[in-house]
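Subject: Handover of a structure with its ligand

Dear colleague,

Please find below the structure that I am handing over to you. I would be grateful if you could read the notes beneath it with the coordinates open.

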Amino acid sequence: MKKILVTGGAGYIGSHTVVALQQAGYQPVIVDNFSNSEESALAGIESILGVKVPTYRIDCGNEAALRGVFEAEKDIKGVIHFAAYKAVGESVAKPLAYFQNNVGSLLTLLAVMPDFGVENLVFSSSCTVYGIPDALPVTEATPTKPASSPYGRTKQMCEEIVHDVSAAPTNKLRTILLRYFNPIGAHESAKIGELPLGVPNNLVPYITQTAAGIREKLTINGSDYETPDGTNVRDYIHVVDLAKAHIVAVQRLLDRKASESVETFNVGTGHGNSVLEVVQAFEKASGQKLNYSIGPRRPGDVPAIYADATKAAQVLGFKTETSLVDSLASSWKWQQTLK
Ligand SMILES: NC(=O)c1ccc[n+]([C@@H]2O[C@H](COP(=O)([O-])OP(=O)(O)OC[C@H]3O[C@@H](n4cnc5c(N)ncnc54)[C@H](O)[C@@H]3O)[C@@H](O)[C@H]2O)c1
C-alpha cells in the first residue's frame, strides 16, 4: 500500500479523505496538532475502517518533528496538506497567526519533502483566492482578485509559493492545487463530520445547531444582494465527494500524468445555491421547520460564487454525486450524534 502523509488528517475534510484513501488502497499517515480537532475523529475513522491509522501528534511547522515522521515512515509517496487555520473572521483578528501557521507549515513541508525524495503534493486551496469575481461561474483561468481576508491571502500566497518553488531549475515537486468551494455534510455512518468549535462561522453547522436547539435562530446575513433571491450564493459540495477529488489527484500525481508541475482545479458542484435555498433544502431533508430571520450583511462576504467544474471533470474525471438535500440530510444525521 502506498503511503500518503495527510497533514490535518484529524480535521473535517482530512478525516473524510483519510477514510477514502484507505478504502482506495492507500496507507494514510496522519499528522495533526489537534489545534482544531479532537481525538474522537481518530476513533470515528477507526470505527469506519476497522483499523487504526498511524497518527503523529505534531505541529507541521516543527521541522525537526516533521523530519522525524518522514524518517519513521520511510517510504512516503505523497503528501496531502490540509493543516491550516480556516476561520475567515478570526484571520482578520489574528492575521499573524494565520500567516505563521498557514504559510509557515507549507514552507516547512516544502523544505522537508525533497530530503526524503517526496515529490507529490496535493494542496488545499480555496475559492477565496478569487476574491469578488467579475463573472460567474469562475474557471481556473479567472483572474484572482484581492482576497477579502488574511485567510484568503494565505491561500493566494501558498499557491504562489508552490509555483515559485516548482519553477526552480532543480525542482522535482509536482503539485495539484485543489480550490474547494463550500464543503458540507458528513460521512454516511455519522461517525465523522464537522466539529465547529464555538459559534459556527459557516451556514450549515449553524443551521443544524439551530434545528437541534443549540442556537435560538439563524440570522441570514443580508437579503439585498444582487442574486436571484437577494441572499448569498455558494457552491456546496458534499465532503465525501470532495474527499474523492483528493484520491484522483493523488493517483494522477503518482501515475505521473500531470501535464505541468503545478495544476489547479476547482472542486465544486458547478451549481450555486442561495442561503434561502439551503434553508428550504434543509427543511426538506430533516423534516424540521427552521427558525430564521433576515439580518444585515456580514462584512467581507462575497455576494455570489460558484465553480465552473468542467476542468476537473475533463482532466481528472471527477464529478460530484451527492445532491444538496442528501448532503444536508447527512449533516443533520451527524448533528444528532453530537447532542
Ligand atoms: N472547510 C472549508 O470550508 C474549506 C474551504 C476551502 C478550503 N479549506 C481548506 O481545507 C483545509 C482543511 O479544512 P477543514 O475544514 O478540514 O479544517 P479543520 O480545521 O477541520 O482541519 C484542519 C486540521 O489541521 C490541523 N492543523 C492546523 N494547523 C496545524 C499545524 N500547524 N500542524 C498540524 N496540524 C494542524 C487542525 O488541528 C485540524 O485537525 C484547510 O487548509 C482549509 O483552509 C477548507
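The notes that follow treat the ligand site, then the sheet, and lastly two points of backbone geometry. Please bear in mind throughout that this is a predicted model.

The ligand site

The shell around the ligand holds 27 residues, and D32, N36, S37, N101 and Y151 are the closest of them. By type, this shell comprises 13 nonpolar, 10 polar and four charged residues.

Three polar contacts may be of use to you when you inspect the site. The side chain of N36 places an N or O atom 2.6 Å from an oxygen atom of the ligand. Y12 contributes through its backbone, where an N or O atom lies 2.8 Å from a ligand oxygen atom. In the case of D59, a polar side-chain atom is found 3.1 Å from a nitrogen atom of the ligand. On its own the ligand has 820 Å² of accessible area, of which the protein covers 96%.

Which elements give two or more residues to the shell around the ligand? They are α1 (12-23), β5 (120-126) and α6 (150-167). The largest contribution is that of β5, which supplies three residues.

The sheet

The strand β5 also belongs to an open sheet of seven strands, which run in the order β3-β2-β1-β4-β5-β6-β11 with parallel pairing. The edges are occupied by β3 (55-56) and β11 (262-267); each has a single partner strand, and therefore one side of each is left without a neighbour in the sheet.

Within this sheet, β1 (residues 3-7) pairs with β2 (residues 27-31) in the parallel sense, over five bridges. In this pairing, I4 is set opposite P28 of β2.

The helix α6, already named for its part in the ligand shell, packs on the sheet and touches β5, β6 (174-180) and β11. The direction of α6 makes an angle of about 150° with that of β5.

Backbone geometry

Two loop residues deserve a separate entry. The peptide bond that leads from L136 to P137 is cis, with omega near -5°, and P137 is located in the loop between β5 and α6. F34, which is not a glycine, has a positive phi, near 60°. F34 is situated in the loop between β2 and α2 (40-49).

With kind regards

Conventions:
Residues numbered from 1 in each chain as written. Predicted model: local features only at pLDDT ≥ 70, side-chain atom pairs only at ≥ 80, totals over all residues. Heavy atoms only, no water. Near = heavy atom within 4 Å. Polar contact = N/O pair within 3.5 Å; in protein donor to acceptor, adjacent residues only side chain to side chain. Areas by Shrake-Rupley, 256 points an atom, 1.4 Å probe, with all protein chains shown as cover. Helix = DSSP H or I, 4+ residues; strand = E, 2+ residues; numbered from the N terminus. Nonpolar A, V, L, I, M, F, W, Y, C, P; charged D, E, K, R; others polar. Pairing = 2+ DSSP bridges. Contact = heavy atoms within 4.5 Å. Axes fitted to C-alpha atoms, helices over the stretch in contact; angles between N-to-C directions.
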